[in-house]
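The exercises below are meant to be worked through with the sequence and the model side by side. Try each task before reading the solution that follows it.

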Amino acid sequence: MKKSFLVAAAVAMVSCAGLFADNVGPGLGRIALEGKSGKGWELLGTFLNGLCYNGTFAITFGTSGYQDGARIGMADADLFIAENMDSLAKDIAIGEGEYLDTLTDILAVEDKVAFKTTLHENFSNIYTSSKVSADEVSSRIQAYL
């Protein structure tokens, strides 16, 4: 009995892990384990979010780290931008390239040509200096979605 419950709980945790923009999503797990990293912490955070449906409560009432209107998938885009700042800057500067194509895929942009053109035309607004942070670039790119 205990073993089947544990297996069911583990399956539920793993199957729910990718439902939100970040790895844990809103809820008790996000609050309690803020700043932790690694799969074990993420699984624990997802499990805590499943207790008493506090993740659902967080989404419904805007608590526990839920951001109303946040674009799903931006965590992936943020990571991609942070890891590829220089190459992405070069692609946006010329309006095409492998890194820019990958970003449009991650963001699931429908009109890729128009989006790439918009980023190209606004390059100086996105990359304002050589010391611009990945978070700044990401939020500026998101503004053009």
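**Exercise 1.** Leaving aside its neighbours within four places in sequence, which residues is V137 in contact with? Then do likewise for M85, and place M85 in the fold.

*Solution.* Keep in mind from the start that this is a predicted model.
Step 1: once the neighbours within four places in sequence are set aside, the contacts of V137 are I81, M85, I126, Y127 and V132.
Step 2: one of these partners, M85, belongs to helix α6, and because its relative accessible area is 15%, under the 20% limit, M85 counts as buried.
Step 3: with neighbours within four places again left out, M85 is in contact with Y127, V132, S133, A134 and V137.
Step 4: the C-alpha atoms of M85 and S138 are separated by 9.9 Å, although these two residues lie 53 residues apart along the chain.

**Exercise 2.** How many helices and strands does the protein chain have, and what share of its residues is buried?

*Solution.* Step 1: the protein chain has 10 helices and zero strands, and read from the N terminus its elements run α-α-α-α-α-α-α-α-α-α.
Step 2: of the 145 residues in the protein chain, 29% are buried.
Step 3: if one takes the contacts between residues at least 6 apart in sequence, 54% of them join residues at least 24 apart.

**Exercise 3.** Which residues have the most contacts inside the largest nonpolar core, and which elements give two or more residues to this core?

*Solution.* Step 1: the largest nonpolar core has 19 residues, and I81, L88, L103, Y127, V137 and I141 are those with the most contacts inside it.
Step 2: two or more residues of this core are given by each of α5 (74-83), α6, α7, α8 (112-121) and α10 (134-143).
Step 3: α6 provides the largest share of this core, namely four residues.

**Exercise 4.** At what angle do the axes of α6 and α7 cross, and which residues make the contact?

*Solution.* Step 1: the axes of helix α6 (residues 85-94) and α7 come within 7 Å of each other and cross at roughly 95°.
Step 2: because angles of 65 to 115 degrees count as roughly perpendicular, α6 is roughly perpendicular to α7.
Step 3: on the α6 side the contact is made by S87, L88, D91 and I92, and on the α7 side by E98, Y99, L100 and L103.
Step 4: sorted by kind, the residues of the contact of α6 with α7 are five nonpolar, one polar and two charged.

**Exercise 5.** Where do the buried residues of α7 fall when seen down its axis, and what does T104 touch?

*Solution.* Step 1: the buried residues in α7 are L100, L103 and T104.
Step 2: seen down the axis of α7, these buried residues fall within an arc of 100°, so they line one face of the helix.
Step 3: E98 and D105 are exposed on the other side of α7.
Step 4: T104 lies in α7 (residues 98-106), and its relative accessible area of 1% is why T104 counts as buried.
Step 5: not counting residues up to four places away in sequence, T104 touches V109, K112, F115 and K116.

**Exercise 6.** Which residues of α8 are buried, and which elements do they pack against?

*Solution.* Step 1: F115, K116 and L119 are the buried residues of α8.
Step 2: because these residues fall within an arc of 95° when seen down the axis of α8, they line one face of the helix.
Step 3: the face of α8 turned away from this buried side carries the exposed residues V113 and E121.
Step 4: the buried residues of α8 pack against α6, α7, α9 (123-126) and α10.

**Exercise 7.** Where is the place of A108, and is A108 buried or exposed?

*Solution.* Step 1: A108 is found in the loop between α7 and α8, and with a relative accessible area of 54% A108 is exposed.
Step 2: A108 has a positive phi of about 55°, although it is not a glycine.
Step 3: for comparison, most residues other than glycine have a negative phi.

How values were computed
Residues numbered from 1 in each chain as written. Predicted model: local features only at pLDDT ≥ 70, side-chain atom pairs only at ≥ 80, totals over all residues. Heavy atoms only, no water. Buried < 20%, exposed > 50% of the residue type's maximum accessible area, 1.4 Å probe, protein only. Contact = heavy atoms within 4.5 Å. Axes fitted to C-alpha atoms, helices over the stretch in contact; angles between N-to-C directions. Parallel < 35°, antiparallel > 145°, perpendicular 65-115°, else oblique. Nonpolar A, V, L, I, M, F, W, Y, C, P; charged D, E, K, R; others polar. Core = buried A, V, L, I, M, F, W, Y, C linked by side-chain atoms within 4.5 Å. Arc of directions from axis to C-beta.
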